[in-house]
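Hi everyone, thanks for making room for me on the agenda. Let me put a structure up on the screen, and then I'll talk you through it.

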Amino acid sequence: KILSLATGGNVEKLQQCLKGLKENEVQDLITRHAVKGKDIGAFLRAVFKGSPCSLEDGVSRWLLVYRHCIQLVESGDLQVEVVSDIIGLLMLETHQLPGASLIELADMYTDAIKGEVCR
């Protein structure tokens with residue numbers, strides 16, 4: 001439904017749909033798309049489209065997506081092509097986030113790298 005709302009261009013309905021989801025539901029949807037290897041880029045773009053960074057809950061959802069995607073990528077359970085799609089999209093969209101969120105995101109990446117080094 002999220003993909004169809006995003007491609008249909010009805011941003012308000014897309015925002016309402018995403019607002020109705022709990023964090024764990026968003027994470028589950030991301031995981032399902034990533035594991036299937038199908039349309040993960042389109043799905044993430046749809047979530048971002050329905051989560052404007054001008055709204056606090058939009059920024060929170062963006063950070064949730066980034067956090068969860070980092071965990072998925074680190075898990076080693078995804079196909080290399082899917083990992084590449086996720087990382088590429090996240091890098092391209094980072095400029096949308098406000099400054100304070102970029103700092104939080106940088107901290108997440110740093111923690112992820114430290115975790116890799118300490119293994």
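**Cysteines, fold and surface**

Let me begin with the disulfides: by the distance rule, the count comes to zero. Keep in mind that this is a predicted model. Cys53 is in no disulfide, and the nearest cysteine sulfur to it, that of Cys69, is 14 Å away. So why is Cys69 not bonded to Cys53? The closest cysteine sulfur to that of Cys69 is the one in Cys53, and at 14 Å it is too far for a bond, because a disulfide needs the two sulfur atoms within 2.5 Å. As for its surroundings, Cys69 is buried, with a relative accessible area of 0%.

Now let's step back to the fold. What does the secondary structure come to? There are seven helices and zero strands, so reading along the sequence you simply get α-α-α-α-α-α-α. The radius of gyration is 14 Å, close to the 14 Å the globule rule gives for 119 residues, so the chain is as compact as a globular protein of that length. Along its principal axes, the C-alpha trace spans about 45 × 35 × 25 Å.

On packing, 36% of the 119 residues count as buried. If you take the contacts with a separation of 6 or more, 64% of them are between residues 24 or more positions apart.

Last, the surface and the charges. The chain exposes about 7100 Å², and carbon and sulfur atoms supply 54% of that. For your electrostatics fans, there are 13 positive and 16 negative side chains, with the centres of the two sets 8 Å apart.

How values were computed
Residues are numbered from 1 along each chain as its sequence is written. This is a predicted model: local features need pLDDT of at least 70, side-chain atom pairs count only at pLDDT 80 or more; totals for chains, interfaces and linings use all residues. Side-chain values use heavy atoms; hydrogens and water are left out. Helices (H or I, at least four residues) and strands (E, at least two) are DSSP runs, numbered from the N terminus. The radius of gyration is taken over C-alpha atoms; the globule rule is 2.2 Å times the number of residues to the power 0.38. Buried means under 20% relative accessible area, exposed over 50%, partly exposed in between (1.4 Å probe, protein chains only). Contact means heavy atoms within 4.5 Å. Accessible areas come from the Shrake-Rupley method with a 1.4 Å probe; for residues, only the protein chains shown count as cover. Lys and Arg count as positive and Asp and Glu as negative; His and the chain ends are not counted. The place of a charge is taken as NZ of Lys, CZ of Arg, CG of Asp or CD of Glu.
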